[in-house]
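Ready for some practice in reading a protein model? Keep the structure open beside you and try each exercise before you look at its solution.

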Amino acid sequence: MAILKLEKYGSSVLREKSLPVDKIDDEIRRLVQDMIETMYAESGVGLAAPQVGISKRIIVIDTEEEGVIVLINPVIVKKEGELHEEEGCLSVPGVYSPVRRFSRVTVEAMDLNEKKFQITQEGMLAIALQHEIDHLNGYLFVDRLNPARRLMLKDELKNIEEGKQDEVIRE
Ligand code: ZN
């Protein structure tokens with residue numbers, strides 16, 4: 001297993017529509033293990049393959065009750081309610097902002113045995129599912145903020161894009 005390098009805001013792979021996975025092979029299994037290790041190393045609650053530079057429809061979510069859930073080709077099949085909670089993203093370090101999301105979602109996906117399953121989550125895990133699935137479609141949470149809020153974050157986003165973020169943190 002290995003901890004993978006995270007792609008940050010400004011990286012083109014974060015803006016691509018990821019490709020579906022049609023077969024689970026050793027390469028996919030290894031990628032999933034590395035994604036889980038990377039998510040833990042970075043203290044994230046979820047991670048999508050594009051965040052480690054792989055344009056494939058794979059996400060991992062850390063749930064307290066059921067451990068890590070691996071979702072391949074996830075699709076939201078039911079959504080309801082609304083909430084507005086603060087989000088952050090390992091690919092947009094240091095930036096946090098409330099985002100409007102559905103409060104409860106049902107997602108259909110394939111597991112590592114190529115079996116279809118559905119999960120329904122609410123609250124923070126529903127947010128995590130929507131946030132990670134957004135990554136597979138080339139969206140970041142900052143895209144969902146209103147224009148005024150995005151304008152406020154303009155300099156921070158620019159710093160991440162230009163790789164100056166580490167310097168800013170050290171100051
Ligand atoms: Zn993210």
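**Exercise 1.** Find which residues of α1 are buried, and name strands that help to cover them.

*Solution.* Remember first that this model is predicted. Step one: the buried residues of α1 are I28, L31, V32, D34, M35, I36, T38 and M39; here a residue counts as buried when its relative accessible area is under 20%. Step two: the cover over these residues includes β1 (46–48), β2 (58–63) and β3 (67–80). Step three: check the helix itself, which runs over residues 26–41 and spans 22 Å from first C-alpha to last, close to the expected 22 Å. Just after α1 comes S43, with a positive phi of about 55 degrees.

**Exercise 2.** Work out which protein atoms are donors of the zinc ion and why the pair C89 and H131 ties together parts of the chain.

*Solution.* Step one: the donors are SG of C89, NE2 of H131 and NE2 of H135, at 2.0 to 2.2 Å from the zinc ion. Step two: written as a pattern, their spacing is C-x41-H-x3-H. Step three: C89 sits in the loop between β4 (83–87) and β5 (97–101), while H131 belongs to helix α2 (residues 124–136), so the pair links parts 42 residues apart in sequence. Both C89 and H131 are buried.

**Exercise 3.** Describe how β6 and β7 are joined.

*Solution.* Step one: β6 (residues 104–110) and β7 (residues 116–122) run antiparallel, with seven bridges between them. Step two: pick one partnership, such as T106 with T120 in β7. Step three: look at the turn of this hairpin, where five residues separate the strands and E114 has a positive phi of about 65 degrees.

How values were computed
Residues are numbered from 1 along each chain as its sequence is written. This is a predicted model: local features need pLDDT of at least 70, side-chain atom pairs count only at pLDDT 80 or more; totals for chains, interfaces and linings use all residues. Side-chain values use heavy atoms; hydrogens and water are left out. Helices (H or I, at least four residues) and strands (E, at least two) are DSSP runs, numbered from the N terminus. The expected span of a helix is 1.5 Å times one less than its number of residues. Buried means under 20% relative accessible area, exposed over 50%, partly exposed in between (1.4 Å probe, protein chains only). Contact means heavy atoms within 4.5 Å. Donors are N, O and S atoms within 2.8 Å of the metal (3.2 Å for Na, K and Ca); water is not among the atoms, so sites may look incomplete. Two strands pair if DSSP finds at least two bridges between them.
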